[in-house]
Amino acid sequence: MDWNFIIFTLVKIVAVLGLLHTIAGYAVLAERKISAWIQDRVGPNRTAPPFIKYVPVLGTLLTRWGIFQPAADGLKFMLKEDFTPAGVRKIYFWLAPAVSVIPSILVVAVLPFGSYLGHQKMVIADLNVGILYTFGIVSLGVYGIVLAGYAANSKYPMFGGIRSSAQMISYEISMGMSVIPVFLIAGSLNLTQIINWQAQHGWLFFYAPLSLIIFLVASFAETNRTPFDLPEAETELVGGYHTEYSSMKFALFFLAEYSNMTASAGMMVTLFFGGWSLPVFGLDHPATTLVAGIAHILIFLVKVCILMTLFIWVRWMFPRFRYDQLMDLGWRTFIPLALVNILITALFLWIRS
Amino acid sequence: MAIIVDRKSLGFWEKLYLPAVLGGLKVTMRHAWRSLFKGGQVTMEYPEQRWTLPDGYRGAPYLVRDQEGSTKCVSCQLCEFVCPPKAIKITPPGPNGLPADRKNAEKMPEEFEINMLRCIYCGLCQEVCPEEAIFLQKDYSLTGLSRGELIYNKEKLLALGGTVGGIQKWKHKLEEAKTQEQFPVNV
């Protein structure tokens, strides 16, 4: 048994999990702040540990930015009463948050978040079928929501669950088909090799912009965010599938949503925006020095953050689609568009070869 | 009769959603920019910034003193009777109780309690008071650590109410009567 491999993989898993949770926590803060700015408000600006007011300038500044808000939110979720309503189906009620959060965390296993650090590849599992694994895992995420809706024994969560199952199943098809041109062009299913291809030939975004648009919209739908947030449409369904949940179970759904968001942003960066590579300062080769390795990880994170800002921005911009419009867009627009996209790409590659 | 409104069907460009998407991006961007760099936020940061209350604002009811510093309340208990949520509780002095601390009054209350948790700030006590001894003032955020703490007694109400200077009941009534002497009455 290769102890070296096991230890390094464990370290990477812990680091990635920690980072993912931090990003998810701060994505909530970003969501609140950006929504506040867009709506001419201030946003969270009070929460601070008691000693922070003795730090001059910086303490006030951090408090105004709401830096401590995620910590306070997390603490609050832990301390709240974990209430189980009387009529719920207990087993599924307990199972649903876990079923919903596990796939969202598993997805990041195949994302290359950097090139090399020392001799370690900065990816937890360098699978040859990375993207297939991702789609396989992502499609499990819907079970958590459906189970939550079913287990709550209440009509609104039920509606949320039903809507989400229909929505996620339809958009998975266009999502899956939208990335086929990427693999046709790059010639591999392995995400590390896709990034290497992009580092040499330029970002795939320039080769397949239509794929990016379809993937972006489909990932809005997959992560249940506005304009496709029908499963948790607050104005119609109270809270959607997590209406009956409280405390840490609710927090898990929340975490799942934001981890999904992070993962799909990471996937988009990997597939379309060159992952860790940047075509300046010679940062488009796998790193040989430690500094370059760290720079690559930071580049990846910055790209992810930019995309997540876009996710959040879009949420506060669009009204929700009606259910039939959503289905119409998914089945009658994006699937044919994705098919045409595949066809054109394939024809182009065939003619060129 | 039904009116048929002609609805234009969307053109190709509109069906793409793109113009609407870009328009939305522009609007939200403008607002974010304004609230970030131009100070366009409309939020009032409450405990530090307070709004100016308009005249006639109905806040917490307090007892007031007249300009000589004596209690105006004569313990008639009209406010107690009119109070819709029964927040006011008056203990009258009784036959051998406390004499009034001003000349032209027979008595004053021994105890006057307003339960601020029950009070609905309707202003009926102020309206009904024949002595103009209770006024809804501009306090709106009353806090306490227990329910008992929010039952204000006579001393506290008098201290909080202060003196409403210049209001002398009979002078006021006389002025009111004079305005009604001419006909038609223009109030």
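A:Ser246 is partly exposed in this predicted model, because 15 other C-beta atoms lie within 10 Å of its own, a count that falls between the 12 or fewer of an exposed residue and the 20 or more of a buried one. In the chain, A:Ser246 belongs to the loop that connects helix H12 (234-237) with helix H13 (247-272) of chain A. Once its neighbours within four places in sequence are left aside, A:Ser246 is in contact with A:Lys80, A:Glu81, A:Asp82 and A:Phe83. A:Thr84 is 162 residues away from A:Ser246 in sequence, and yet the C-alpha atoms of these two residues are 8.0 Å apart in space.

Two other loop residues of chain A can be set beside each other. A:Asp40 lies in the loop between helix H1 (3-38) and helix H2 (58-65), while A:Asn153 is found in the loop between helix H6 and helix H7 (155-178). For A:Asp40 the backbone angle phi is near 60°, a positive value in a residue other than glycine, and for A:Asn153 phi is near 55°, which is again a positive value in a residue other than glycine. The table lists the neighbour counts for the three loop residues.

| Residue | C-beta neighbours inside 10 Å | Class |
|---|---|---|
| A:Ser246 | 15 C-beta atoms within 10 Å | A:Ser246: partly exposed |
| A:Asp40 | 14 C-beta atoms inside 10 Å | A:Asp40: partly exposed |
| A:Asn153 | 16 C-beta atoms inside 10 Å | A:Asn153: partly exposed |

We now turn to chain A as a whole. Chain A has 15 helices and 2 strands. Its radius of gyration is 21 Å, close to the 20 Å that the globule rule gives for 353 residues, and chain A is therefore as compact as a globular protein of that length. Taken along the principal axes, the box filled by the C-alpha atoms of chain A is roughly 65 × 55 × 50 Å. Of the 353 residues in chain A, 44% are buried. Among the contacts in chain A with a separation of 6 or more, 77% are between residues 24 or more positions apart.

Which residues touch the most other members of the largest nonpolar core? In this core of 85 residues they are A:Leu204, A:Ala218, A:Ala265, A:Met268, A:Leu271 and A:Met308. Helix H13 of chain A supplies the largest share of the core, namely 14 residues. A second core, separate from this one, has 24 residues, including B:Leu63, B:Cys83, B:Met108 and B:Met116. Not counting residues up to four places away in sequence, A:Leu204 touches A:Val182, A:Ile185, A:Ala186, A:Gln198, A:Leu271 and A:Phe272.

Helix H5 (residues 130-138) of chain A shows how burial can be arranged around a helix. Its buried residues are A:Gly130, A:Ile131, A:Thr134 and A:Val138. Because these residues cover an arc of only 95° around the axis, they are on the same side of H5(A). An α-helix has 3.6 residues a turn, so residues three or four places apart point the same way. The elements that cover the buried residues of H5(A) include helix H4 (90-106), helix H6 (141-151), helix H9 (191-201), helix H11 (209-222) and helix H13 of chain A.

Chain B contains an open sheet. Three strands form this sheet in the order S2-S3-S5, and their pairing is antiparallel. Strands S2 and S5 of chain B are the edge strands, since each pairs on one side only. Strand S2 (residues 88-91) is joined to S3(B) by 4 bridges, and B:Lys89 stands opposite B:Glu113 in S3(B). S3(B) also pairs with strand S5 (residues 151-152) over 2 bridges, where B:Asn115 stands opposite B:Ile151. Which residues of strand S3 (residues 111-115) of chain B form its covered face, and which its uncovered one? B:Phe112 and B:Ile114 make up the covered face, whereas B:Glu111, B:Glu113 and B:Asn115 make up the uncovered face.

Finally, there is the contact between the two chains, to which chain B gives 12 residues and chain A gives 9 residues. On the side of chain B that touches chain A, 4 residues are nonpolar, 7 are polar and 1 is charged.

Definitions and conventions
Residues are numbered from 1 along each chain as its sequence is written. Chains are lettered from A and ligands numbered from 1 in the order in which they are written. This is a predicted model: local features need pLDDT of at least 70, side-chain atom pairs count only at pLDDT 80 or more; totals for chains, interfaces and linings use all residues. The radius of gyration is taken over C-alpha atoms; the globule rule is 2.2 Å times the number of residues to the power 0.38. Two residues are in contact if their C-beta atoms, placed from the backbone, lie within 7 Å. Ala, Val, Leu, Ile, Met, Phe, Trp, Tyr, Cys and Pro count as nonpolar, Asp, Glu, Lys and Arg as charged, and the others, Gly among them, as polar. A nonpolar core is a set of buried Ala, Val, Leu, Ile, Met, Phe, Trp, Tyr and Cys residues joined through C-beta atoms within 7 Å. Two strands pair if DSSP finds at least two bridges between them. The arc is that of the directions from the helix axis to the C-beta atoms.
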